[in-house]
Amino acid sequence: MTGTDVSRIPVAIVGGGPVGLMLALFLDLHGVRSVLFNTEETTRWHPKGSTQNARTMEHYRRLGISGAIRTLGLPADHPTDVVYFTRFGGRELARLKMPSSAETLAARARAARTDQTPEPLHRANQMYVEDFLLAHIRTRPNITLRFGWRVERFADDGAGVTLAALRGRDGARETWRSGYLVGCDGGQGEVRRTLGIRFAGQSLRQPYMGGSMFSTYVKVPALKRDFLRGTAASSTGSSIRNCVRPSPPSMATTNSCSGRARKAMPPRPTTPRSSKPCGGRRSPISPSR
Ligand SMILES: Cc1cc2nc3c(=O)[nH]c(=O)nc-3n(C[C@H](O)[C@H](O)[C@H](O)COP(=O)(O)OP(=O)(O)OC[C@H]3O[C@@H](n4cnc5c(N)ncnc54)[C@H](O)[C@@H]3O)c2cc1C
């Protein structure tokens, strides 16, 4: 790859998921400039991970944003119970009691000084956290954003890396030269494949969570009014669920995400009220992590 119009930067990051977003912020913390490419124009808007583990929270703490992350997700007094239902609004089969974030923080305050977790686990769905991280990145001048750009190819000549990127919207092209290129483009990413890096360890092909999945994402603005009367979850006006259905076996799981973000989110398409969440009656649902 050659070209006279080449932008130069110490680090090029391929992939703007949670890993790429956080890498850009940590490089910025150390005063290192980077450019962050992500195929989509913005962060994803469907539920995925909702558990921000203690270690993840500690990373946020080092960046000075753990407090802001704790404002995302469910209201502070809302329990994070894992509940098994026959269907949305149907019969409750079992409940694993889990503390609200306020209870978690109160437990931290009560804990002995020798038994401290500085940043206990917090539940906020990845889609809210990524949205926050991207907004935060926009305030950091060390980070150049290329959302909506796909890295098509790269070449390492020993002294650095040259990459070619394409903007999906209009076909614009850019060439960048960097000291390092980091593949944060997901487990199936092209960077890893191009470099011939293989996975080690056991395959994820297991009957539970590792098998084929069918995910349904439904947004039901009238969930409280029509389905959740009298339940704890009815304190939220709307709810978003990600249903994960292994196929086969027939058992289906619901990955229950935070019911709503507390800050205003951009308008997104909603599912018509007549839609049957998770395929209506057909499958029992149970939550995953
Ligand atoms: C249902 C579900 C529940 C989960 N629950 C949890 C949980 O509770 N807690 C937890 O910690 N984890 C959870 N996970 C896992 C978590 O979602 C992933 O580990 C995480 O998203 C991986 O982040 P990443 O940044 O490595 O990759 P990704 O999130 O896959 O992001 C990669 C990004 O790279 C972009 N990209 C790819 N190729 C290119 C290219 N050539 N050029 C530019 N951009 C490119 C993609 O568009 C994408 O935006 C869950 C996952 C699922 C599916």
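**Reading strands, a helix and a ligand shell**

Tutor: Let's start with β8 and strand β9 (residues 161-167), which pair in the antiparallel sense over seven bridges. Keep in mind that this is a predicted model.

Student: Okay, so which residue in β9 is the bridge partner of A155?

Tutor: That's T162. Then look at the turn: the β8 and β9 hairpin has four residues between the strands, and G158 takes a positive phi near 95° there.

Student: Where does the chain go from β9, and what pairs with it in the antiparallel sense?

Tutor: Strand β10 (residues 173-183) does, over six bridges. To anchor yourself, find V161, whose bridge partner in β10 is S178. These two strands also form a hairpin, with five residues between them, and G171 in the turn has a positive phi of about 75°.

Student: Now parallel pairing. Which strand runs parallel to β2 and is joined to it by four bridges?

Tutor: Strand β1 (residues 6-14). Here V14 stands opposite F37 of β2. Bring in the helix too: β1, α1 and β2 make a right-handed β-α-β unit.

Student: And how many bridges join β2 to strand β7 (residues 143-147)?

Tutor: Five, and this pair is parallel as well. V35 is a handy marker, with T144 as its bridge partner in β7.

Student: How do I read the two faces of β2: buried or exposed?

Tutor: Check each side in turn. S34, L36 and N38 lie on one side, V35 and F37 on the other, and all are buried. That's five of the strand's five residues. For scale, buried residues are 26% of the 289 in the protein chain.

Student: On to helices. What should I know about the direction in which helix residues point?

Tutor: An α-helix has 3.6 residues a turn, so residues three or four places apart point the same way. Now try helix α5 (residues 126-137): its twelve residues reach 16 Å from first C-alpha to last, close to the 16 Å expected at 1.5 Å a residue.

Student: Why is α5 called largely enclosed by the rest of the structure?

Tutor: Because nine of its twelve residues are buried. They are Q126, M127, Y128, V129, E130, D131, F132, L133 and I137. As for what they pack against, it's α1, β3 (51-52), α3 (66-69) and β7.

Student: What about a loop residue such as G73: why does it count as buried?

Tutor: The cut-off is 20 or more other C-beta atoms within 10 Å. G73 has 24 C-beta neighbours inside 10 Å, so it counts as buried. You'll find G73 in the loop between α3 and β4 (82-85). In sequence G73 and N125 are 52 residues apart, yet their C-alpha atoms are 6.4 Å apart in space.

Student: What share of the chain's contacts, among residues at least 6 apart in sequence, join residues at least 24 apart?

Tutor: The figure is 66%. That's for a chain with seven helices and 13 strands.

Student: Last one, the ligand. Which of the 27 residues around it come nearest?

Tutor: G15, G17, V19, G49 and G186. By class, the shell has seven nonpolar, 14 polar and six charged residues.

Student: And which element gives the most to that shell?

Tutor: α1, with three residues. Each of α1 (18-29), β2 (34-38), β8 (149-156) and β12 (239-246) supplies at least two.

Key
Residues are numbered from 1 along each chain as its sequence is written. This is a predicted model: local features need pLDDT of at least 70, side-chain atom pairs count only at pLDDT 80 or more; totals for chains, interfaces and linings use all residues. A residue is near a molecule or strand if its C-beta atom, placed from the backbone, lies within 6 Å of it. Ala, Val, Leu, Ile, Met, Phe, Trp, Tyr, Cys and Pro count as nonpolar, Asp, Glu, Lys and Arg as charged, and the others, Gly among them, as polar. Two strands pair if DSSP finds at least two bridges between them. A crossover is right-handed if, with the strands pointing away from the viewer, the path from the first strand over the helix to the second runs clockwise. The expected span of a helix is 1.5 Å times one less than its number of residues. Two residues are in contact if their C-beta atoms, placed from the backbone, lie within 7 Å.
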